[in-house]
Amino acid sequence: MGPVPGQPGMPMAPNQPYYAPMQTPLASSNPGAGGGGGGKMLTLIGAAVLVVGLVAGVALYLMSGSAKEETVKKFARAPVGCSTTLEFDKSGTFTFYIETKGTLPNLGGDCAASGGSYERASSDLPAVTLALTGPDGQAVGLERSGSILSYDTGGYAGRAIEKVSIESTGTYQLTVTSEETDFAIAVGGDPEEDSSTMQTMGMMVGAAGLLIGGLLLFLGKRKSSSGATPPSPPWQPG
């Protein structure tokens with residue numbers, strides 16, 4: 001028979017200490033972690049886009065006034081009692097304006113009105129006859145302007161009276177005949193064309209900045225809100 005435990009001569013098992021299993025806190029899943037930083041970046045970008053778009057749009061709109069002035073200043077001008085050379089470098093429809101206020105460039109030749117200034121009441125339009133000849137020396141037909149185009153900017157004022165369709169580029173001669181001499185004939189296009197284009201561009205740029213910037217601001221705030229999660233409760237031993 002084998003030895004009985006606890007009896008003399010029986011080997012005893014050494015005392016083994018008891019270790020409770022260690023518990024570690026579980027890592028909480030936080031899909032929104034780090035979202036606040038990205039939200040702030042979107043907010044900053046949105047604010048910048050909105051401000052830049054509005055400033056650029058307002059600037060373009062305000063610059064439209066100077067665009068009209070520059071367009072008028074570039075019109076060709078012909079004084080009364082002279083034959084003026086006009087160089088048409090493109091085809092299209094051009095308008096003749098009675099210009100009641102302005103300054104003639106130095107046209108050269110023997111025209112007495114070359115380089116002079118003129119001013120009269122814009123409501124008092126003089127009677128005038130225009131004759132235009134083409135590069136081949138043939139008369140070019142003019143027709144009454146059906147538009148009410150006019151301008152008063154940059155020291156110049158005029159009103160449309162006739163128009164012409166130029167089909168062939170080249171050198172033309174314009175003769176202006178009238179009993180009065182305190183005016184000139186200006187030749188060009190629509191004085192509002194470039195100005196209207198800049199106004200439209202200004203409104204489009206401003207609207208785009210407002211729309212895109214506002215969208216980025218909304219997304220940035222939404223992302224910041226979704227990334228702000230409450231802190232996890234402290235770990236408690238089991």
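User: In this predicted model, are R77 and E99 buried or exposed?
Analyst: The cut-off for a buried residue is a relative accessible area under 20%, whereas exposed residues lie over 50%. R77 and E99 both fall into the class below the lower of these limits. The answer for R77 and E99 is therefore buried.

User: What interaction do the side chains of R77 and E99 form, and how many residues apart in sequence are the parts that it ties together?
Analyst: The side chains of R77 and E99 form a salt bridge, with 2.7 Å from N to O. R77 belongs to strand β1 (residues 76–79) and E99 to strand β3 (residues 92–103), so the salt bridge ties together parts of the chain whose separation in sequence is 22 residues.

User: How many salt bridges does the count give?
Analyst: The criterion is a side-chain nitrogen of Lys or Arg within 4 Å of a carboxyl oxygen of Asp or Glu. The pair of R77 and E99, at 2.7 Å, is one of those that meet it. By this rule the salt bridges come to a count of six.

User: Which class of accessibility does D124, the salt-bridge partner of R120, fall into?
Analyst: R120 and D124 meet through their side chains in a salt bridge of 2.8 Å, N to O. R120 has a relative accessible area of 11%, so it counts as buried. D124 has a relative accessibility of 42%, which means that it is classed as partly exposed.

User: How far apart in sequence are the parts that the pair of D182 and R120 ties together?
Analyst: The side chains of D182 and R120 form a salt bridge at 2.6 Å, N to O. D182 sits in the loop between β10 (170–177) and β11 (184–188), and R120 in the loop between β4 (117–119) and β5 (129–133), so the distance in sequence between the parts they tie together is 62 residues.

User: Which residues are joined with R120 into one network of salt bridges?
Analyst: D182, a partner of R120, is partly exposed, because its relative accessibility is 31%. Salt bridges with shared partners connect R120 into one network with D124, E180 and D182.

User: Which strands are at the edges of the open sheet of four strands?
Analyst: The order of this open sheet is β2-β10-β5-β6, and its pairing is antiparallel. An edge strand pairs on one side only, and this applies to β2 (83–88) and β6 (139–140).

User: Which residue in β10 is the bridge partner of T129?
Analyst: β5 and β10 run antiparallel and are joined by five bridges. T129 has its bridge partner in β10, and that residue is T177.

User: How many helices and strands does the chain have?
Analyst: Read from the N terminus, the elements follow the pattern α-β-β-β-β-β-β-β-β-β-β-β-α. A helix thus stands at each end of this series, because the pattern both begins and ends with α. The chain has two helices and eleven strands.

User: Why is the pair of F75 and Y151 edge-to-face, and how far apart in sequence are the parts it ties together?
Analyst: The whole structure has five aromatic pairs. In the pair of F75 and Y151 the ring centres are 5.7 Å apart and the planes stand at 70°, so the geometry is edge-to-face. F75 is in the loop between α1 (35–73) and β1, and Y151 is in strand β8 (residues 150–153), so the pair ties together parts whose separation in sequence is 76 residues.

User: Which residues does V187 touch, not counting those up to four places away in sequence?
Analyst: The largest nonpolar core has 18 residues, and V187 is among those with the most contacts inside it, as are F96, L174 and I185. Each of β2, β3, β5, β9 (156–166), β10 and β11 supplies at least two residues of this core. Beyond its sequence neighbours, V187 touches F75, A76, L86, F88, F94, T95, F96 and L174.

User: What percentage of the contacts with a separation of 6 or more comes from residues 24 or more positions apart?
Analyst: The chain has 238 residues, and 29% of them are buried. Its exposed area is about 15,300 Å², of which carbon and sulfur atoms supply 59%. Among contacts with a separation of 6 or more, the share from residues 24 or more positions apart is 80%.

Terms used. Residues numbered from 1 in each chain as written. Heavy atoms only, no water. Buried < 20%, exposed > 50% of the residue type's maximum accessible area, 1.4 Å probe, protein only. Pairing = 2+ DSSP bridges. Contact = heavy atoms within 4.5 Å. Areas by Shrake-Rupley, 256 points an atom, 1.4 Å probe, with all protein chains shown as cover. Phe/Tyr/Trp six-rings, centres within 6.5 Å; stacked < 30°, edge-to-face > 60°. Core = buried A, V, L, I, M, F, W, Y, C linked by side-chain atoms within 4.5 Å.
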